[in-house]
Structure formats: structure tokens, C-alpha cells
Amino acid sequence: MANQLSRRDFLRMMAFTSVGAALAACGGTPAAPAEAPAAEAPAEAPAEAPAEAPTAAPAEAPTAAPEPAATGKTVQWWFAWGNLGAAVDKMVEQPDFKEMMGDNVLEYKASVNGEAILTALAGGTPPDGGSNFDYPNLWARGAVIPVDDQVAVSSLIKQDDMIEALWQSSFYDGKMIGVPGIESFIWWGLNYNAKAVEDAGLDPDSPPLTWEDALVWHQALTQFDDAGNLKQFGLDPYDAMAGEADFGIQSFGGFNWWDESARQINLNTETTAQWLETCGEFIKLIGPDKLSGLRQDQTIGGGWGTSFNAGIQTMIMEGYWHPGETQIQQPDIAQYNRSTWAPVPASRAGKKIMATGAHFVQLFKDAKNTPEMFKVAEYLHTNTALDILFKEVGWITGKLSWLKTVDPNAYPGLKFYIDAPSQVDEWIVGRRCPIHWFINTQKAELAEQVYRGNMTGADAAAELQSRAEAEWAAQGLS
Amino acid sequence: MQSSRASALPWARLSSRDRRGLITGLLFISPWLIGFLALTIYPLIYSFYVSLTRYDLLRPPVFIGMANYVELFTKDAQFWKVVYNTIFYVIFSVPLSLGFSFLVANLLNARIVGRSFFRAVMYIPAIVPGICTAMVWLFLLNIQYGAINGLLQSFGLPSVPFLSNPDLAKPSLIMVAVWATGNAVVVFLAGLQDVPRSLYEAATVDGANGWQQFRNITIPMSTPVILYNLVIGFIGAFQEFTSAYLIFGVNGGPLNSALLYSPFLYQNAFQYLRMGKASALAWLLFIVVVIGTMMLFRSSARWVYYGGEK
């Protein structure tokens with residue numbers, strides 16, 4: 001019994017075991033960031049998920065890719081929105097997709113939030129590709145690689161088969177910062193509910209083409225009940241795409257506040273002041289508190305496009321996806337949808353302005369399988385993929401030869417967007433400034449100062465410029 | 001005695017048995033110790049370094065000295081507003097929550113029919129997830145669709161823009177905080193049940209009425225628990241995130257009127273990728289909370305009564 005384990009020896013052994021286990025656990029953590037978001041990556045897109053607004057992760061089960069073949073690679077693609085999942089589910093089942101992938105397997109994760117992608121990038125374990133994230137921001141900070149070389153030799157992606165303004169929007173610092181793919185078309189139209197318009201005694205065939213006329217419509221369409229509750233209103237001029245400074249300011253002044261070549265911000269202008277003052281008039285008519293209350297109700301006003309789908313908002317500034325998404329999400333409202341040119345000030349009457357920009361598949365620096373990820377991005381340019389995206393989600397990519405095959409009457413209001421590119425007088429390429437989200441956040445507060453009567457438009461424009469310059473300097477992006 | 005003697009002696013003067021004991025003890029606590037050093041102390045020190053840098057997570061940090069702190073105090077248009085909002089929230093939510101929970105605990109300590117049921121009801125807000133609480137209050141307080149305004153309107157009264165008016169946003173948030181005081185109520189209840197019955201019996205014999213007993217027995221005997229809840233509430237209020245973020249979003253509601261410190265910190269870190277500035281914000285908050293907590297403890301010598309010792 002000389003070798004009998006004493007109590008002390010036993011306890012010491014247990015302590016060593018505990019330390020070893022703790023160290024082993026620490027050693028295992030680097031893989032965690034890549035795995036963690038899977039829990040937040042639902043396969044099914046929430047019905048109300050907007051095209052332009054990242055959504056919170058719904059409580060669906062994560063999309064599970066098939067088990068990778070022993071010899072193949074697992075290609076990881078993360079996207080921020082939830083509603084792309086349904087289309088990708090169909091895409092991976094296509095024979096030509098399977099053939100293209102060979103032994104490789106696509107592992108895609110929907111509804112990936114910003115924190116997850118940042119963690120993965122910072123931890124050195126990025127996915128191979130990403131979509132719906134802040135493209136110029138990621139590019140400006142060196143997180144993604146240019147794709148010029150791959151695109152140049154691609155047999156599927158051709159510049160002369162794409163809308164030119166859209167193609168050009170893919171470049172930053174002279175480099176193509178991602179493959180324009182999942183949905184890349186035109187972004188800026190006035191969409192309205194023709195039935196509500198008619199009920200208000202207006203002519204749905206003569207939509208407002210100036211902000212002044214839009215205000216008249218807004219007035220006629222805004223209704224309250226006996227208790228003073230907002231029953232219906234015309235246009236929230238800061239809702240959806242209109243919430244971003246890029247489009248509003250260009251609409252009023254015909255220029256982009258962000259000078260990309262000089263890296264300069266020009267927000268302190270009369271145009272910005274005019275934009276803030278004019279839009280403020282729309283909200284004063286609704287009542288700032290009432291509009292704020294509406295936006296706090298997620299079911300009918302808080303999400304992207306929900307108030308239009310609920311029939312409370314009757315005009316909305318959105319892009320080509322509006323007809324398709326509304327049809328898929330709320331067909332009883334979509335049947336009355338019509339779309340037309342976005343308003344401009346009376347001084348610019350007749351201008352047909354349109355915004356564009358790509359939604360990319362960006363390839364991350366230090367990712368393992370970027371050539372394979374590029375193939376997936378390339379596949380999004382096949383007619384098969386484009387058809388699936390259009391049917392499942394209502395999304396379009398500005399590939400000219402494929403656009404000819406699209407039924408312009410598939411969704412009410414879509415025809416305007418299909419026909420529009422050839423008629424545009426002035427293109428807006430949005431979301432180019434790496435700190436555009438900061439500016440939009442500040443704009444939201446300053447615009448509110450204006451419509452609540454605490455500030456003039458000019459003061460707000462000056463303050464916005466001052467904050468933007470300070471942030472730009474502090475971020476060290478020059 | 002053994003452990004206090006060992007800790008007072010230098011290593012060389014320990015007997016081999018004590019040394020073995022010390023090593024074994026350290027090994028036993030090593031999982032926690034390693035976790036504490038790696039997951040608390042190291043990030044704490046590193047965050048201070050990061051606060052002296054420009055760092056966006058995607059590029060290496062660049063040392064910029066005190067620039068983040070200078071920016072906060074002199075250039076950031078929102079910082080002082082956020083500080084004001086947060087202090088307003090702390091000043092009102094902590095005493096109100098404390099007072100309300102103490103009052104409720106006293107009511108629940110009384111011999112009433114259905115006491116267990118009421119105790120359970122009071123604790124429900126503490127176990128309901130924050131997101132559910134926030135959603136419920138959003139539905140209750142909405143200016144148009146909220147149940148409370150619906151009730152007001154049914155009596156012909158005007159709606160109250162609880163969450164959509166800059167003047168009412170913070171008070172509404174405080175109201176939510178006061179409602180969710182189940183944890184404090186439970187702690188107070190435990191403390192109240194520890195007050196010796198003999199004191200009340202003696203006071204009754206001396207002719208003290210209920211208020212006098214409450215003022216001269218219940219409150220003094222509960223001061224240790226009041227201090228505990230005060231400190232926890234004070235720290236928690238400075239760090240408040242969930243309700244403020246879920247009800248008002250990352251921009252803090254109308255005119256940023258309910259933009260509190262923690263959501264502002266989060267906004268800088270993850271929306272603007274300003275990890276250096278966010279770390280500076282975290283350190284400022286840490287310093288304020290430490291100083292505030294120390295002041296509370298120092299003041300406690302004057303108002304907290306510990307029955308067992310002076």
C-alpha cells in the first residue's frame with residue numbers, strides 16, 4: 001500500500017487538472033469568433049426585413065450548410081440582412097451552382113450584425129466574403145481586397161453589360177472594392193399608394209415632381225382622428241432612403257456633399273439648410289411627437305417600410321426594391337403602389353435624378369478562400385441567380401441583358417424603375433464617405449432640432465459640418 | 001489563524017508544510033486567478049492603453065496621447081449632453097427606486113392576506129428579460145397606440161407623449177427603472193426580517209406608534225441593506241444600457257434626450273469604430289463610479305448602523 005494516493009496528492013492532482021483544463025479552454029478560443037454568429041444567422045428571412053436596412057437577428061434556426069466534402073473547402077459568406085437567405089437556399093440547389101462549387105461547400109450566414117463581423121476581422125478569422133456591410137468604411141480601413149484582377153478575366157461579369165453609373169460606383173481610390181452583385185440597381189424614387197391618393201381627392205396620374213407639390217400632397221394625405229391621433233400621413237421626408245444626407249442634399253442642390261477626390265466634406269451650404277427647412281415642414285404638419293411615437297412602434301412604424309405597408313404612410317422614398325418587397329410582404333397594399341421620379345425643388349423642376357450604388361460581395365483580407373468566394377460572387381451574375389433573387393426577394397442587379405428579360409409589370413410600380421435608367425439626367429452615387437453613418441446619425445439629431453424649432457436650417461448645416469470635420473480628423477482617415 | 005500567519009510571513013520563513021499548503025491553495029484558485037488576470041485585469045490595463053490611441057479594430061492602434069480625452073471634454077458636441085442625461089437619470093432613478101422598493105418591502109413584510117402572492121408579483125419584473133420589459137413599456141407609453149394614452153383618451157384627456165417628447169423621455173425611463181426594482185425589494189425584505197421583534201415590542205410598550213417605530217427602528221436597522229442597495233443601484237444606473245437602448249435606440253430618442261452614457265459608449269465603439277474614444281469613455285465612467293462609490297462608503301459611517309459592532 002506504499003503507493004496509495006494521499007489526500008494531499010489527490011487534491012494537488014485535481015488542481016493541476018483544473019489548471020490544465022483552463023489553459024486548454026483558453027487555447028481553444030481563437031476559433032470562437034467565426035463560430036459565434038452562427039447562432040444569429042437564420043435561414044429564413046423575416047418577412048418584414050427591408051432591403052436597405054440591416055435587421056436584427058430573428059429567432060430562426062441558423063442556416064446550416066451541408067457537411068463539407070472531405071477534400072473540399074468551406075467557403076464562408078456572411079451577409080447582414082435577413083431576407084437574402086431564402087434566395088441563397090434556392091441558389092445552392094441549382095445544378096450549375098453545384099458544378100461551379102465542385103467539392104467546395106458554401107456556408108452562408110444571414111443577419112450577421114456589425115459586431116460579429118468586426119470581431120471576426122479584428123480576430124484575424126474573417127469569413128471569405130461579406131455583403132450588406134459598410135463597404136467604403138471597410139475598404140478605407142483596409143479590411144477588404146480589390147477584385148479588379150478577377151473581374152477583368154471573368155466571363156460572367158462584364159462592364160459593357162452593366163449600367164454604367166452602377167459599374168462606376170464599384171470603384172474607390174481607383175480600385176474595385178467588391179463584386180457588385182446581390183442587388184445593385186437604382187435607389188431613388190417616389191412611391192405612393194394610389195388608392196389613398198385618390199381617396200384624398202388627388203390625381204394619382206399627376207404625382208408631385210417638386211418638393212413644393214409633394215408638400216401639397218402631404219397636406220392632403222395627412223389625417224387625424226377626433227382624439228388627435230395620426231391616422232394617415234403623406235411623406236416622412238427622412239424615412240427610408242430619404243434619411244441619408246447623400247440623397248436629400250443632391251436632390252436640392254445637384255451636388256454631392258462628399259468630394260471624394262479631395263476628401264472634403266461640404267455640408268455647410270445653403271442647399272443643406274434648404275433641405276433641412278423644407279423637410280422640416282413635412283414633419284411639423286404631422287407633429288414631431290406623433291411621428292416619433294409612430295417610429296417607436298416596431299409593428300407599424302419602426303421598421304423599414306413598415307408604415308407604408310401598414311397603410312399609414314402613403315408616400316415613401318425608396319428604390320427599385322420597393323415594388324417587389326411590398327408585393328412579397330404586403331400584397332394588399334402593393335396592388336395600389338405606383339412609382340415615379342423623386343421630387344426636386346421648384347428651382348430644379350424637370351430634373352430626373354436617380355441614385356445608384358452597388359451591394360457587393362466583398363472579399364476579406366486574410367480570408368482563406370477568396371478565389372472560391374469570388375466564384376460565388378460571379379455566380380450572382382448568372383441569369384439563374386438573378387431570376388431567383390428577383391422572384392424570392394424582389395431584388396434586381398443592373399445587368400443590361402438580363403434586365404430585358406424582366407417582366408416590368410411583375411410588381412406594381414416596377415416598370416418605372418426598369419425604364420428609368422435610360423432617362424436619368426443626374427446620377428447620385430451614395431454612401432461613399434467612410435463616415436457617412438456618423439453624418440447620418442448627427443443629421444438625424446440636427447434635423448430634429450430644426451423641425452422642433454430649436455435651430456435654423458443654416459445653423460444646423462453649420463453644426464453638421466463642424467461635427468463631421470471633427471470626426472473625420474479624429475478618425476485619421478485622410 | 002493559520003492562514004493569517006502564513007500570509008504575514010515571507011516565503012523563506014514558511015515551513016515546507018505551509019509552502020505546500022500555499023501552493024496547493026493557489027493551484028485550487030488558479031482557474032479563477034487565471035480568468036481574473038486574463039479576462040479582467042489584462043483587458044482593464046489594455047483598455048487604458050487603447051484610450052490613448054486611435055484604434056478602429058481593423059488597423060493597428062496609433063498612439064495619440066490624451067487626444068481622446070481632450071476631444072470628449074472640448075470638442076464632442078454630444079458628450080456633455082450625455083453626461084447631463086446620465087447624471088439626471090442617476091440622481092432621480094436611484095433614490096426613487098430605493099424609496100419605492102423599501103416602501104414596497106415594508107408593505108410586503110406586513111401580515112396581509114396573499115403576502116406570498118404579492119411578493120412573487122413584485123419580483124416578476126426582476127426575472128423578466130430586459131427586452132420584454134422594454135417592449136411592454138413601449139406599448140404602454142406610446143403616444144398613439146399605448147394603453148395608458150388609450151385610457152386617457154377614453155376619459156377625454158389629452159395624450160401624453162411619454163417617449164416621444166424630449167422633456168418626458170428621461171422621466172419615462174426613470175419610471176421604468178423604478179418599476180423594475182424586484183431585486184432590491186427582495187434584499188430589503190430579507191433585511192427587514194432580520195430586525196429583532198423585541199425592538200418593536202419594547203417600542204410598543206413605550207407607546208411608540210407605527211410611524212415612530214418605522215422611523216426609529218425599521219429605518220436605522222435597515223441602513224446596512226439600504227447602503228448595499230444604494231451602491232448597487234448607483235453603479236447600475238451609471239451603467240444603464242438595456243432599457244435606454246431598447247426603448248430609445250442607439251440615438252437616444254427625441255433630440256438625444258435619453259441618450260445615456262453606456263449607449264453613447266457603444267455607439268462610438270461599434271457604430272463609429274472609435275475604440276480609443278470608447279475606451280476613454282469607459283475609463284471616465286470607471287473613475288466617476290469608483291469615486292462615487294467611495295464617497296458613499298465614507299458617508300456610511302455617519303448613517304449606517306451595524307448592530308453587531310461599532
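This is a working chat about a predicted model, covering its cavities, one threonine and chain B.

Reader: How many cavities of 30 Å³ or more are there?
Author: The count comes to three cavities of 30 Å³ or more, and about 70 Å³ of space lies in the largest cavity.

Reader: OK, and which helices each supply at least two residues of its lining?
Author: Helix H15 (306-309) and helix H16 (321-329) of chain A each do so, with H16(A) giving the largest share, five residues. The lining includes Trp304(A), Phe308(A), Glu318(A), Trp321(A) and Glu325(A), and its residues divide into three nonpolar, five polar and two charged.

Reader: What lines the second largest cavity?
Author: The lining includes Asp134(A), Arg141(A), Trp437(A) and Phe438(A), and chain B is represented there by Gln271(B) and Tyr272(B). That cavity has a volume of about 50 Å³, and its lining residues divide into five nonpolar, three polar and two charged.

Reader: Switching topic, is Thr356(A) buried or exposed?
Author: Thr356(A), which is found in strand S15 (residues 353-356) of chain A, is buried, because its relative accessible area is 1%, under the 20% cut-off.

Reader: And what does its side chain reach?
Author: The side chain of Thr356(A) reaches the backbone oxygen of Phe185(A) at 2.7 Å. Not counting residues up to four places away in sequence, Thr356(A) also touches others, among them Trp187(A), Trp427(A) and Val429(A).

Reader: Last one, how many helices and strands are in chain B?
Author: Chain B has 14 helices and two strands, and 43% of its 310 residues count as buried. Its accessible surface comes to about 16,800 Å², with 70% of that belonging to carbon and sulfur atoms.

Note on methods
Residues numbered from 1 in each chain as written. Chains lettered and ligands numbered in written order. Predicted model: local features only at pLDDT ≥ 70, side-chain atom pairs only at ≥ 80, totals over all residues. Heavy atoms only, no water. Helix = DSSP H or I, 4+ residues; strand = E, 2+ residues; numbered from the N terminus. Buried < 20%, exposed > 50% of the residue type's maximum accessible area, 1.4 Å probe, protein only. Areas by Shrake-Rupley, 256 points an atom, 1.4 Å probe, with all protein chains shown as cover. Polar contact = N/O pair within 3.5 Å; in protein donor to acceptor, adjacent residues only side chain to side chain. Contact = heavy atoms within 4.5 Å. 1 Å grid on protein atoms, 1.4 Å probe; cavity = no way out; pocket = protein on both sides within 12 Å on 5 of 7 lines; lining within 4 Å. Points joined across faces, edges and corners; volume = space filled by probe spheres on them. Nonpolar A, V, L, I, M, F, W, Y, C, P; charged D, E, K, R; others polar.
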